[in-house]
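Dear colleague,

Please find below the structure I promised to pass on to you. My notes on it follow directly after.

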Amino acid sequence: MLRIIIADDQRNFRTLLRRSLEINLSGIIVVDVSNASELINSLRSPLKTDLVIVGSRLLPAGDPTYLGALKRAAGNARLLLVVPHASADLFQDALSLGFHGLIVRRQRHEEMLEAVRTTLDGRLYAPSAILAVKPSEAGAALRQPERSVRTFGLTLRQREVLALIGKGLSNREIAITLSIAEATVKIHVSAVIRMLGVRNRTEAALLAPTILKGKI
């Protein structure tokens, strides 16, 4: 049985999401709580928690100690943050804080189910509104990777490829920039997508600034 906790201050949101999960997912236990202290107490239950869906308003502003306590109590549970709206910057900030994706409060329930399934599957989830952002815009501030560092098990060449994906370059442009064959680029791109646990190069581009700066 999978145990999912929905923690949000809006009862209607919790009730509708819980009902949707219970109808569409089998073998789950859903717990809903309304405040920060109840969330910590639920996570301290002897029962293992697999996923925590947390409303952003439950995170005390300016109190990093609570977030630390939440992550310690959550252990290996996956974390989704519920936000009123989403952007590439907010997505990267959430990842740097230890969350595995965002749910926009007004998203369709079909999309929320996709977020839950994706996150439980061990991958990162970004709302479709974020994925519509052009990779070149998402990676505009990207710095070249430091050659002495490896992240997520990526080789130095794969980090270089990720940096250029973040800048919106095509496989052909990456091949020219790195002076390698386009077929080799395709192999590196496929490896990067697989190792980051994302669905496509657009998601990889969104993650590139956060990963290459060593924030996750």
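I begin with threonine 49, which sits in the loop that connects helix H2 (36-43) to strand E3 (51-55). Although it belongs to a loop, threonine 49 counts as buried, at 9% relative accessibility. Its side chain makes a polar contact of 2.6 Å with the side chain of arginine 3. Apart from neighbours within four places in sequence, the residues in contact with threonine 49 are Arg3, Ile5, Leu43 and Ala77.

Please note that this is a predicted model. The average pLDDT of the protein is 84, and 87% of the residues score at least 70. Residues 134-150 call for caution, as pLDDT stays under 50 there. The model nevertheless has 38 contacts beyond four places in sequence for residues 134-150. Where pLDDT is low, the predicted coordinates should not be read in detail.

Overall architecture

The protein has 11 helices and 5 strands. Of its 216 residues, 49% are buried. Among the contacts with a separation of 6 or more, 64% are between residues 24 or more positions apart. The accessible surface amounts to about 10700 Å², and carbon and sulfur atoms contribute 51% of that area.

Helices H4 and H9

Helix H4 spans residues 88-96, and its buried residues are Ala88, Phe91, Gln92, Ala94 and Leu95. These residues lie on the same side of H4, because they cover an arc of only 160° around the axis. Just after H4 comes glycine 98, with a positive phi of about 105°.

In H9, the buried residues are Asn171, Ile174, Ala175 and Leu178. Viewed down the axis of H9, they fall within an arc of 100° and therefore line one face of the helix. Exposed residues Arg172 and Ile176 are carried on the face of H9 turned away from its buried side. The elements that cover the buried residues of H9 include helix H8 (156-166), H10 and H11.

Serine 179 follows H9, in the loop between helix H9 (171-178) and helix H10 (182-196). Its phi is positive, at about 60°, although serine 179 is not a glycine. For context, most residues other than glycine have a negative phi. Serine 179 is exposed, with a relative accessible area of 66%.

Leucine 207 in helix H11

Helix H11 covers residues 201-212 and contains leucine 207. With a relative accessible area of 0%, leucine 207 is buried. Not counting residues up to four places away in sequence, leucine 207 touches Phe91, Leu95, Leu124 and Val198. Two of these partners, Phe91 and Leu95, are among the buried residues of helix H4. As for Leu124, leucine 207 and leucine 124 are 83 residues apart along the chain, while their C-alpha atoms are separated by 9.6 Å.

Salt bridges

What is the count of salt bridges? The count comes to 12. Several of them may be of interest to you, and I list these with the accessibility of the residues involved.

- Arginine 199 and glutamate 203: the closest N and O atoms are 2.5 Å apart. Arginine 199 is partly exposed, at 28% relative accessibility, whereas glutamate 203 is buried, with a relative accessible area of 3%.
- Arginine 123 and aspartate 121: the side chains meet at 3.3 Å, N to O. Arginine 123 counts as partly exposed, at 24% relative accessibility, and aspartate 121 as exposed, at 52%.
- Arginine 108 and glutamate 111: the side chains meet at 3.6 Å, N to O. Glutamate 111 counts as buried, at 17% relative accessibility; the cut-off for this class is under 20%.

In addition, a network of salt bridges links Arg14, Arg18, Glu22 and Asp32.

To recapitulate the points on burial, threonine 49 in its loop is buried at 9% relative accessibility, and leucine 207 in helix H11 is buried at 0%. Serine 179, by contrast, is exposed at 66%. When you examine the model, please bear in mind that pLDDT stays under 50 over residues 134-150.

With kind regards

Definitions and conventions:
Residues numbered from 1 in each chain as written. Predicted model: local features only at pLDDT ≥ 70, side-chain atom pairs only at ≥ 80, totals over all residues. Heavy atoms only, no water. Helix = DSSP H or I, 4+ residues; strand = E, 2+ residues; numbered from the N terminus. Buried < 20%, exposed > 50% of the residue type's maximum accessible area, 1.4 Å probe, protein only. Contact = heavy atoms within 4.5 Å. pLDDT = per-residue confidence, 0-100. Polar contact = N/O pair within 3.5 Å; in protein donor to acceptor, adjacent residues only side chain to side chain. Areas by Shrake-Rupley, 256 points an atom, 1.4 Å probe, with all protein chains shown as cover. Salt bridge = Lys/Arg side-chain N within 4 Å of Asp/Glu carboxyl O. Arc of directions from axis to C-beta.
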